[in-house]
Amino acid sequence: MTGDIELKDVTSLYALIIRRRLKGQREVAKEIASLIPQVAPVLVGPPMALAVGFPRDGLTDFDLAFPVRESQTLDGFTPMILPALPMFSITHRGMLENGPEGSNLSDTWNRFVEFVRSTAALLGDDPQRFIYHEGVESVGSDSENVTLEIQYAYHLPMWLEAFANGVTQELEREAANRVLEGMDALSERVDGTRAAEWIRAAIARLDQEVTDERSRACILNPCAHHYIVQSGEILRALWDQSDRDLRKLVDLISAEDALGSDYWIDESGTVPQLMIRRRPARLEAYNKATDPREKRYHACFCPLVRDAILAGDPVSRSFCHCSGGWYVQEWENVFGAKPQVDLVETMVEGADSCVFAVRIPEGFLETSV
């Protein structure tokens with residue numbers, strides 16, 4: 001790794017969790033400090049804040065997490081097991097804000113952003129962790145001085161593991177080895193450009209070995225980024241708000257910016273389908289672009305293929321079944337089981353946007369009028 005940024009395998013741990021909506025790390029630290037007396041008898045590690053979504057109305061949902069030795073209960077807190085994950089780690093020392101130029105938390109974060117840009121590292125959507133090793137009680141005082149570790153999930157190892165599992169389950173050993181050839185050389189490296197090139201080539205090899213598109217989809221769906229906690233909670237709340245009427249739900253969710261897609265129901269075929277058109281990832285840049293390739297580049301969410309889209313390099317449509325796996329996770333929140341998600345249109349084939357079709361399970365439209 002480079003400088004003060006590390007890649008570490010974080011082990012799972014038990015924690016007591018409490019949700020708060022807060023403006024930033026100063027408010028987070030003060031709230032953690034106020035809660036420590038309640039958990040002090042069972043606390044076995046540094047407290048942390050998990051950012052479970054994106055800011056809304058200037059506030060972010062944080063799960064304040066207090067590590068404990070084993071699963072236990074405490075009034076007002078929820079027991080949880082934080083998963084083991086590969087995580088990038090960078091540590092900030094000093095004041096959170098208002099320190100000398102270059103010494104604030106925002107400066108530490110900017111170093112990490114530059115690292116991600118320069119390496120094209122594939123970040124994950126698991127909650128970002130802010131771990132207060134020291135000084136949480138000093139925040140807001142004249143002697144503010146914290147040691148705050150920031151951890152961000154690294155999705156590439158998880159992507160490779162899921163892909164390898166799917167390939168080895170579907171194919172005989174020799175065929176699986178042909179598809180996965182060269183993967184081991186990526187596992188210990190942080191080189192997003194090289195990883196993207198290998199993955200695109202591996203998908204091309206997969207196309208040769210697995211001729212059935214549905215089978216390729218089943219291999220690639222589990223590679224998707226982990227569905228964002230906040231988005232799942234929003235969708236489940238809207239499902240309840242719609243009185244569990246799928247037609248009403250679809251009307252509600254297209255107006256919800258946090259879900260990032262447009263939705264409609266297509267009943268023209270033998271099986272009703274929920275259609276999903278993904279909105280542009282970087283809307284402002286997308287609207288400014290005039291070249292079709294550049295527009296698709298700014299519309300695409302995936303750093304593994306968007307450079308290829310811009311360059312006009314060929315990418316197999318099979319790759320986008322990884323994105324289909326996002327919607328498998330999304331609609332499991334409503335249907336209670338993983339639905340089949342089919343790829344209808346994709347920008348890697350020149351479409352203006354990516355469109356997916358979710359097969360609606362029997363009974364979910366019968367009560368909708």
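## Cavities inside the model

Let's start with the enclosed spaces: there are two cavities of 30 Å³ or more. Here a cavity is a set of points, on a 1 Å grid over the protein atoms alone, where a 1.4 Å probe fits but cannot get out, and a lining residue has an atom within 4 Å of a point. Grid points are joined across faces, edges and corners, and a volume is the space filled by probe spheres set on the points. Before going on, note that this is a predicted model, where local features need pLDDT of at least 70 and side-chain atom pairs count only at pLDDT 80 or more, while totals for chains, interfaces and linings use all residues. Residues are numbered from 1 along each chain as its sequence is written, and side-chain values use heavy atoms, with hydrogens and water left out.

The largest cavity holds about 120 Å³ of space. It has 14 lining residues, and C300, C302, C320, S323 and C354 are the closest to its centre. By class, that lining has eleven nonpolar, two polar and one charged residues. (Nonpolar covers Ala, Val, Leu, Ile, Met, Phe, Trp, Tyr, Cys and Pro; charged covers Asp, Glu, Lys and Arg; the others, Gly among them, are polar.) The second largest cavity comes to about 30 Å³. Its lining is made of F88, S89, I90, W109, F112, I150, Q151 and Y152, which split into six nonpolar, two polar and no charged residues. At least two of these lining residues come from each of β6 (85-94), α2 (105-119) and β8 (146-153). Those labels follow DSSP runs: helices are H or I with at least four residues, strands are E with at least two, and both are numbered from the N terminus.

## The eight-stranded sheet

β6 and β8 turn up again in an open sheet of eight strands, ordered β1-β6-β8-β7-β3-β4-β2-β5 and paired antiparallel. (Two strands count as paired if DSSP finds at least two bridges between them.) β1 and β5 sit at the edges with a single partner strand each, so one side of each has no neighbour in the sheet. From one strand to the next, the twist averages 35°.

Look at β6 and β8: they run antiparallel and are joined by eight bridges. One residue to find is G94, whose bridge partner in β8 is V146. Helix α2 lies across β1, β6, β7 (128-134) and β8, at about 145° to β6. Contact here means heavy atoms within 4.5 Å. Angles run from 0 to 180 degrees between N-to-C directions, using axes fitted to C-alpha atoms, for helices over the stretch in contact.

## A salt bridge to α2

The model has 19 salt bridges, each a side-chain nitrogen of Lys or Arg within 4 Å of a carboxyl oxygen of Asp or Glu. In one of them, the side chains of D4 and R111 meet at 2.8 Å, N to O. D4 is in the segment before β1 (5-10) and R111 is in helix α2, so this pair ties together parts that are 107 residues apart in sequence.

## The four-stranded sheet

There is also an open sheet of four strands, in the order β9-β10-β12-β11, with antiparallel pairing. Which strands stand at the edges? They are β9 (261-266) and β11 (341-345); each has a single partner strand, so one side of each is left without a neighbour in the sheet. The twist here averages 25° from one strand to the next.

β9 and β10 (residues 273-278) pair antiparallel over six bridges, and they form a hairpin with six residues between them. For a closer look, pick D262: its bridge partner in β10 is R277. Helix α8 (residues 246-253) packs on this sheet, touching β9 and β10, and its direction makes about 155° with that of β9.

Technical notes. 1 Å grid on protein atoms, 1.4 Å probe; cavity = no way out; pocket = protein on both sides within 12 Å on 5 of 7 lines; lining within 4 Å.
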